[in-house]
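Please work through the exercises below with the sequence and the model open beside you. Try each task before reading its solution.

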Amino acid sequence: MRRTRVLTAVLALAAGLLAGTPPALAAAGTAGTTLAADTYTWKNARIDGGGFVPGIVFNRTEKNLAYARTDIGGAYRWQESTKTWTPLLDSVGWADWGHTGVVSLASDSVDPNKVYAAVGTYTNSWDPTNGAVLRSADRGASWQKTDLPFKLGGNMPGRGMGERLAIDPNKDSVLYLGAPSGKGLWRSTDSGVTWSQVANFPDVGNYVQDPTDTSGYASDNQGIVWVTFDEAGGTSGGATKTIYVGVADKDNAVYRSTDAGATWTRLAGQPTGYLAHKGVLDAKNGYLYLAYSDKGGPYDGGKGQLWRYATATGTWTNISPVAEADTYYGFSGLTVDRQHPGTVMATAYSSWWPDTQIFRSTDSGGTWTKAWDYTSYPNRSNRYTIDVSATPWLTFGANPSPPEQTPKLGWMTESLEIDPFNSDRMMYGTGATLYGTEDLTKWDSGGQFTVKPMVQGLEETAVNDLASPPSGAPLLSALGDIGGFRHTDLTKVPSMLFTSPTFTTTTSLDFAESNPNTVVRVGDLDSGPHIAFSTDNGANWFAGTDPSGVSGGGTVAAASDGSRFVWSPAGTGVQYATGFGSSWSASSGIPSGAIVESDRVDPKTFYGFKSGKFYVSSDGGATFAASSATGLPSGDSVRFKALPGTKGDVWLAGGATDGAYGLWHSTDSGSTFTKLSNVEQADTIGFGKAATGASYQTLYTSAKIGGVRGIFRSTDKGATWTRVNDDAHQWGWTGAAITGDPRVYGRVYVSTNGRGVIYGDTSDTSGGGDGGGGGTDPTPTGACTVTYKITNQWSGGFQADVQLSNTGSTAWNGWSLGWSFADGQKITQLWNADYTQSGTAVTAKNVTWNATVAAGSSVGFGFTGSWSGANTKPTAFKLGDQSCTTA
């Protein structure tokens, strides 16, 4: 799926630092600002997948240790016990949002606890920060970072080639990184801490997708695209002598060093006219396999070949499974069965129609079989069955004619890996999910192997809009690439995405406040209508009619009673209609491209915003008048909403660092706005159920308040704010949309640009109580309960979460929790608390922002630690001198 959305709201942000570990939240504040915090539990509204998975990496020395990288949604680690993926880069913050794009990933075969990620989303101006190499000694539970003097492109053309980052299998302090943009080949000799360019590497690449692209996106040199070590060419502890490097240069695609990188030569006799997407080495048989395409991918590619290079003799052999003349695709996915190295597999990554193709050879490429063949056209015979019952929307609601089938094997299939310890397990990435099989060798015995999504926990959608109606489904989402979903249960994958019509991207949606069964959505579609309506809360849809000139979805608003709609599409001016959009009329008094919203009480009142001006219509969208309000953001990076239940109550968030930026409130339908002095920056605004005893609905925003960037909640109309996320849960850019849940106090739905829909639930069971805390005295009294949970464990290391609950009748104003480890475990890093450890005894104390714990509420913190022999959970905890119950 295409992932080229530009985050205009953050281009002006200065570069920041990614926390090396999830640290305690800084207790920062500005004069007159009280900043409290709450302990939240964060989860994804399950979609399972939804985006491109360009890389899968198995560790070569430890079973069941695997990683996946995504183009905009971070990296993940496989959890064998649950067959799920764990996100590893949720700590990437707002200023470093580009570091959620992962261009390459490497797992250390010498020390499997170590993993590295090369991060950065765009090499052009869209990403304000340079790339970086992240390094972890605990399998991605925490990270340290080295900034690079150039950008990396996890979402750039050519991102499916690789891996560009590689660890020397004999001397793991040595790493190589292939750079784009003519920056060459880079090397680290101190385990990724420092990097320097390999000055004598002879070729920086020259291939660009489209030299005429003035944005710099398609016109960037794709550079050095993979590094492969020949592990046979070295001894343990010494640098590997033989290294192969792939370059985006059709005439000089492969180079080799035989002296550990001291000198490099172009491989003689190599094919020309193609780009080598992958170079995979079978060291046992002495073969380097190469997958070639005429384009860089992941979307394009019309011709391709597969080649085998004999490392001992220098002989090149064309092992293409089909004649070049019969290809309409390039090759990219490439893997060797490490248990049976003569078994090789490859993908036709750019075969979009009728399906991708997967090829398999058991004789080192001498002969091949296909995942599917034609019998008599258009009929197909498949060597596989495909079961998407766990992710049923992967059929896309399609009913294609042969030879196309649904669900498809995939498209953009640039990653393909056989488990090095299990010949029956293979995983491959597509543009929409990650598929796998655990009975692959049935391919060779004449049976059918089973393909299933192996993607649970890997959430990779870009979120454009969110709605939580007061009745019906708790969540409706507008997503990039796969349209959107109606979630009736946040813990389950919906049965289908929005269809009839199926937008490639939904840009905006709304429901009628007093009639939530009426829902409207707008979006992008290559051919067909750009607007759809539902009369059953989004369960079923029918298409509306476009006015002339519409080229994209834009924004849309439903009247509070569902009687009419105002639409601001791309390609033409603002329109209004009564009924379900069978006939549209142009609105007057409001410019094209304005953002539109509706009053949530008065069905005739609609609002708009464009270039610093707020617009109001009182006649159902027929005419708008510019408000006299001044001081609003001058640009269009603005989101605003009207409060349910109160006419004319409008909140507006947005701006940029070079002008007005913050949160504004109007109680007179936008005639005047008051800027909140305690909010420095704000990008979204949403409403949720009011706290117990509160007279005003709860506000939620993605903002900078008290000097801290985060997700915030207010139960007192913005007078005070509580940060509800922490530094371990930031998700990069969260500026597209936010909403509370009108039925569940404290629940908030957060948009991300590549990590799907995140929702959080508060541990504050009292239903409110924002405000500042502080101090560590007096010593808390009353009953307490502790839950200690090991959330992840690996050889020599582990991660744990601790929740401390105040089960007494009075609030704590400061707390100190002590325990002892039975097996000598040592804490290495701890967040959301201060701690000391002496021998086996540990004391964790509050930080300023989580000192106050109301009766019936909880506070939580987490840590990583080391262990050997055993990792027994502590059984006794003391709050000061008082023993706590364990849960």
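**Exercise 1: The chain as a whole**

The accessible surface of the protein chain (Shrake-Rupley method with a 1.4 Å probe; for residues, only the protein chains shown count as cover) comes to about 29,100 Å², and 48% of this belongs to carbon and sulfur atoms. This is a predicted model, in which local features need pLDDT of at least 70 and side-chain atom pairs count only at pLDDT 80 or more, while totals for chains, interfaces and linings use all residues. Residues are numbered from 1 along each chain as its sequence is written, and side-chain values use heavy atoms, with hydrogens and water left out.

Task: Find out whether the radius of gyration of the protein chain agrees or disagrees with that of a compact globule.

Solution: Begin with the rule, which takes 2.2 Å times the number of residues to the power 0.38, the radius of gyration itself being taken over C-alpha atoms. With 887 residues, a compact globule would have a radius near 29 Å, and the protein chain has 28 Å, so the two agree. Next, consider the box along the principal axes, which the C-alpha atoms fill and which is roughly 80 × 75 × 50 Å. Finally, turn to burial (buried means under 20% relative accessible area, exposed over 50%, partly exposed in between, with a 1.4 Å probe and protein chains only): buried residues make up 61% of the 887 residues.

**Exercise 2: An open sheet**

Task: Determine which strands stand at the edges of the sheet S3-S4-S5-S6.

Solution: Strands are DSSP runs of E with at least two residues, helices are runs of H or I with at least four, and both are numbered from the N terminus; the protein chain has one helix and 72 strands. Two strands pair if DSSP finds at least two bridges between them. In the order S3-S4-S5-S6, four strands form an open sheet with antiparallel pairing. Strand S3 (55–58) and strand S6 (84–87) each have a single partner strand and therefore stand at the edges, with one side left without a neighbour in the sheet. Looking further at one pair, strand S5 (residues 75–79) joins S6 in the antiparallel sense over four bridges, and glutamine 79 has threonine 84 in S6 as its bridge partner.

**Exercise 3: A disulfide**

Task: Decide whether the disulfide of cysteine 784 and cysteine 884 is left-handed or right-handed.

Solution: A disulfide is counted when a pair of cysteine sulfur atoms lies within 2.5 Å, and the count comes to one. The sulfur atoms of cysteine 784 and cysteine 884 are 2.0 Å apart. The torsion about their S-S bond is about -95°, so the disulfide is left-handed. Both cysteines are buried.
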